[in-house]
Amino acid sequence: MTVTTAPPQTPPSVPETPRLTSGQLPKWAPWVLIVLSAVVSAAIFGVFALTGDAGFNVAGFAVVTALVYLALIAISSSMVEGRRKAVDRLVTGVVSIAFLIAMVPLVSVAATVVVNGVAGISADFFTMSMRNVVGEGGGALHAIVGTLLITLAAAVISIPIGIFTAIYLVEYGDGSRLSRAITFLVDVMTGIPSIVAGLFAYAVFALIFGPGIRMGIMGSIALAVLMIPVVVRSTEEMLRLVPNELREASYALGVPKWRTIAKVVLPTSMAGITTGVMLSISRVIGETAPLLLTAGVTTSMNYNLFDGRMMTLPVFAYSQYMNQGIPAQAFIDRAWAAALVLIVIVMLLNLIARLVAKVFSPKLGR
């Protein structure tokens, strides 16, 4: 009698679950490729610098580093992750490089103004004018006051006109011939040179008061002409983003149209409108050409927009740099200090705008 033994049974093989990180480059791979690209580029331009008379080319180094990185990340990702992921990483690299290129002039200008402007900042700069000052000393108090007054008057003129025009285009005249004509004219005004706005304001006042007139309010009107199209376009876009369901719900409750706009539409879009208004102010606060024609140049304090010339920070910086006296460095320092103060004012205005937008924006959690 023979006994047959059953063959040993092998346990069924359990398929290995693929890991989420399989077929993907590690997170540190892009940084390693950036370093490798920088090393290759540095080696190339280092050889050129040693063999030639010119020094190390920083701009060329940055360009070659970017190109080498894009090539390496595309090839590496294509071999490991596939074609679709490689294209995604390539486009991400292009977008990141474009962002860095855009940041270069911004950082360069800000750093240059800060480094050169600090030398001219002092207590006298904020407490004195340039009246009877021919060399060192003096300050830009008259220019700071003039900038704030002229810009404030321009905002008072342009903001209501711009907002009401946008309300008409969106809420009342949507699709009409008049609204299309207004939209066309606003688009045209958006692209006019600032000197044209200054010539317009000067011509209007010259016809009334005679040639040679210079007043702060003339500068405000010139700046208002530049601000109005920006306010109209930004406010119009924000109003169009308000859902029609909110308007219809208000109408269903019997609320009139003007009250719906005031209580529903405008509060809902207040954050975007505030941002557009601040963009328009930032657009005009640094204008020089229209203010040279309208507000003129002066070395004394003037608090009256309707009487006499009025100095502004852009014109002050221009006049100090172009009409240098002895010692010349004092005039250059004052010009850079005026530019720094102007940038700080714009930054403070933007911070205030963000605070206003945060306070008055609709509270969705209620």
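1. Salt bridges between the domains. In this predicted model, the count of salt bridges between domain 1 and domain 2 is 0. Polar contacts give a like result: the rule finds 0 residue pairs across the interface of domain 1 and domain 2, with both residues required to be at pLDDT 80 or more. By class, the side of domain 1 that touches domain 2 holds 4 nonpolar and 4 polar residues, and no charged ones. A salt bridge needs a Lys or Arg on one side and an Asp or Glu on the other, so the lack of charged residues on the domain 1 side fits the count of 0.

2. Extent of the interface. The domain assignment places domain 1 at 28-120 and domain 2 at 124-360. Their C-alpha centres are 38 Å apart. In contact are 8 residues of domain 1 and 7 residues of domain 2. Between them, about 620 Å² is buried, and carbon and sulfur atoms give 80% of this area. On the domain 1 side, Val113, Asn116 and Gly120 supply 63% of the area buried against domain 2, more than any other three residues.

3. Annotated domain. An unreviewed UniProt entry lists residues 144-353 as "domain: ABC transmembrane type-1". In the model this span is 77% helix and 0% strand, and its end C-alpha atoms lie 20 Å apart.

4. Annotated transmembrane regions. The unreviewed UniProt entry also gives "transmembrane region" for a list of spans, including 28-50, 90-123, 143-170 and 182-209. Residues 143-170 are 100% helix and 0% strand, with end C-alpha atoms 39 Å apart. For residues 182-209 the figures are 89% helix and 0% strand, with 30 Å between the end C-alpha atoms.

Note on methods. Residues numbered from 1 in each chain as written. Predicted model: local features only at pLDDT ≥ 70, side-chain atom pairs only at ≥ 80, totals over all residues. Heavy atoms only, no water. Domains from an automatic or database assignment. Contact = heavy atoms within 4.5 Å. Buried area = accessible area lost by both parts, 1.4 Å probe. Salt bridge = Lys/Arg side-chain N within 4 Å of Asp/Glu carboxyl O. Polar contact = N/O pair within 3.5 Å; in protein donor to acceptor, adjacent residues only side chain to side chain. Nonpolar A, V, L, I, M, F, W, Y, C, P; charged D, E, K, R; others polar. UniProt positions renumbered as here; feature names shortened; annotations may be inferred. Helix = DSSP H or I, 4+ residues; strand = E, 2+ residues; numbered from the N terminus.
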